[in-house]
Amino acid sequence: MKHVTASPSPDSSVDLVTLGQRLRHLRRTRGMTLDQLSEAVGRAPSQLSLIENGKREPKLSVLQAIAAALGVPMQDLLRPEAPSRRAGLEIELTHLQKNAAYAALGLPVVKGGRRLPPDALESLIGLHRELNRVLTEQSATPEVARRANAQLRVEMRQRNNYFAEIEKAANKILLSVRHTTGPLSQRGILDVAAQVGFSLHYVNDLPSSTRSVTDLKNRRIYLPQVASGKGHDPRGVVLQTLGHFVLGHNDPADYGDFLRQRVEVNYFAAALLMPEKFAVDFLTEAKADRALAIDDFRDAFGVSYETAAHRFTNLATQHFGIPVHFARVHESGIVYKAYENDNVRFPSDVTGAIEGQPVCRKWASRTVFEAEDPYSSFYQFTDTTAGTYWCTVHVESTRSGEFSVTVGTPYEHARWFRGGDTASRTVSNCPDPDCCRRPPSDLVSRWSGNAWPSARVHSHLLAALPPGTFPGVDNRDVYDFLERRA
């Protein structure tokens, strides 16, 4: 029995504009007119013209007849690539003019045929690309950023916030500068910079929208002479900047890529300031004594409490099997940062974003502000609809107010922590509005209809994110700065 190979058939995956361009190119290459091809395939010239212009999808029998008349395999008609650079530009112009954004302008459609001069075609393509670029930037609204952040948090949860490849990269750097014990010193940071091929320069005129500026041409990293006062560890800023180059980052493709790079360089910096081997050794001893404490972890490596808390989440599940959650919450109760792999139920909006949501008033992240001494070690058990959690909380003061930094874990793991025997306990029924969000009935009856608060609206919650490859950075300021320093 003779084996017959099935012929490809046009379907929704075939780009009709490209198909038409290939047909026209092959017809002209063979010196055939539409009338001649029409006579050869038994179809009206007008029908073939519609196919060549990408306005009609041909039947399989018609394609087979056309291929036979042109003396080519039918696969040559169905290839996805354009037959020439000019044809590719004409195809791109056709697709660009079909975009809803262009249609909304009410401008006429320009045909990309042979009568259109090459420079005019190139100019039109360039204008369309720029229009799409501007519209893409403008679409980076807070909602887009929040969705990107929510997706990134899912990925972090799936890997228990442990990035083996970044740990490996950090360890390689430490070995290259012969760092063999304990926390990384300032001298060690200078050695790391030199190893990566950069020199550090401290200046007093950095652009206000930046924490550092890197001159790739002259391999210099410019840093502020004085710490910003916003809680940024100056050592961390250096290591985060170096992290971009060690980890091979390119210019961010979109806001999601920008966020991912930020997470990765923060992780890289922490992995150098609190090297995995020494950090795990320290935590192993503390766990054996049932005395895990973020405060001790912080003090042992000379970092901020928040850095120590983040680093603990990197290592706790991977090395000790302890699921955890982390939260940075403003004194108003609003979540600024959060992470979990222990099934705690953070409040979220319809996009899945946690940031900007109010946490339950019964959670330790908020009850700490009501404690007699909120700046001392604070521990609490909280019974929630997802189970009972133990938390340890630290309060820090910033220019934007006070924030609580919380590390928590399910009840059964509390025994490994200092403060795991606390008698402090609350009950949270959120998201039930009767838990803490709905006012008591007596207050409702007294004040409903008699209150008119003037809300303090943070403009950044409503505005589009600043445009540019690096959101929020003014390139004019950066280039002016580099020109002065060059």
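**Close-up views of a predicted model**

**Figure 1. Surroundings of helix α12 in the predicted model.** The buried residues of α12 pack against six elements: the helices α11 (186–196), α13 (255–273) and α15 (294–301), together with the strands β1 (199–203), β2 (213–215) and β3 (220–224). Those buried residues are Arg235, Gly236, Val237, Val238, Leu239, Gln240, Thr241, Leu242 and Gly243. Helix α12 itself covers residues 234–246, which is 13 residues. From its first C-alpha to its last, α12 reaches 19 Å, close to the 18 Å expected at 1.5 Å a residue. Just after α12, Gly248 has a positive phi of about 70 degrees.

**Figure 2. The largest nonpolar core of the chain.** This core contains 63 residues. Val192, Leu239, Leu242, Leu272, Phe297 and Phe312 have the most contacts inside the core. Helix α13 supplies the largest share, nine residues. Because domain 2 (155–273 + 466–485) and domain 3 (291–436) both contribute residues, the core lies between these two domains. In soluble globular proteins, nonpolar side chains tend to be buried together.

**Figure 3. Contacts of Leu272, and a second core.** Leu272 is in contact with Ala170, Ile173, Leu174, Leu184, Val192 and Leu239, when its neighbours within four places in sequence are left aside. Of these partners, Leu239 is also one of the buried residues of α12. Separate from the largest core is a second core of 18 residues, which includes Leu19, Val62, Ile66 and Val72.

**Figure 4. The cis peptide bond between Cys430 and Pro431.** Omega for this bond is about 15 degrees. Pro431 is located in the loop that runs between β9 (425–427) and α18 (441–447). As a general background, most peptide bonds are trans.

**Figure 5. Asn160 and Asn343, two residues with positive phi.** Most residues other than glycine have a negative phi. Asn160, although not a glycine, has a positive phi of about 55 degrees. Its place is in the loop between α9 (142–158) and α10 (164–176). With a relative accessibility of 25%, Asn160 counts as partly exposed. Asn343 is likewise not a glycine, and its positive phi is about 70 degrees. The loop that holds Asn343 lies between β5 (335–340) and α17 (364–367). Asn343 is exposed, with a relative accessible area of 59%.

**Figure 6. Arg178 in the loop between α10 and α11.** Arg178 has a relative accessible area of 73%; because the threshold for an exposed residue is over 50%, Arg178 is classed as exposed. Arg178 and Gly188 are ten residues apart along the chain, and their C-alpha atoms are separated by 8.9 Å.

**Figure 7. The chain as a whole, for orientation among the close-up views.** The secondary structure consists of 19 helices and nine strands. The chain has 486 residues, of which 43% are buried. Among contacts in the chain with a separation of 6 or more, 62% join residues 24 or more positions apart. The chain exposes about 26,700 Å², and carbon and sulfur atoms supply 51% of that area.

Notes: Residues numbered from 1 in each chain as written. Predicted model: local features only at pLDDT ≥ 70, side-chain atom pairs only at ≥ 80, totals over all residues. Heavy atoms only, no water. Helix = DSSP H or I, 4+ residues; strand = E, 2+ residues; numbered from the N terminus. Buried < 20%, exposed > 50% of the residue type's maximum accessible area, 1.4 Å probe, protein only. Contact = heavy atoms within 4.5 Å. Areas by Shrake-Rupley, 256 points an atom, 1.4 Å probe, with all protein chains shown as cover. Expected span 1.5 Å × (residues − 1). Core = buried A, V, L, I, M, F, W, Y, C linked by side-chain atoms within 4.5 Å. Domains from an automatic or database assignment.
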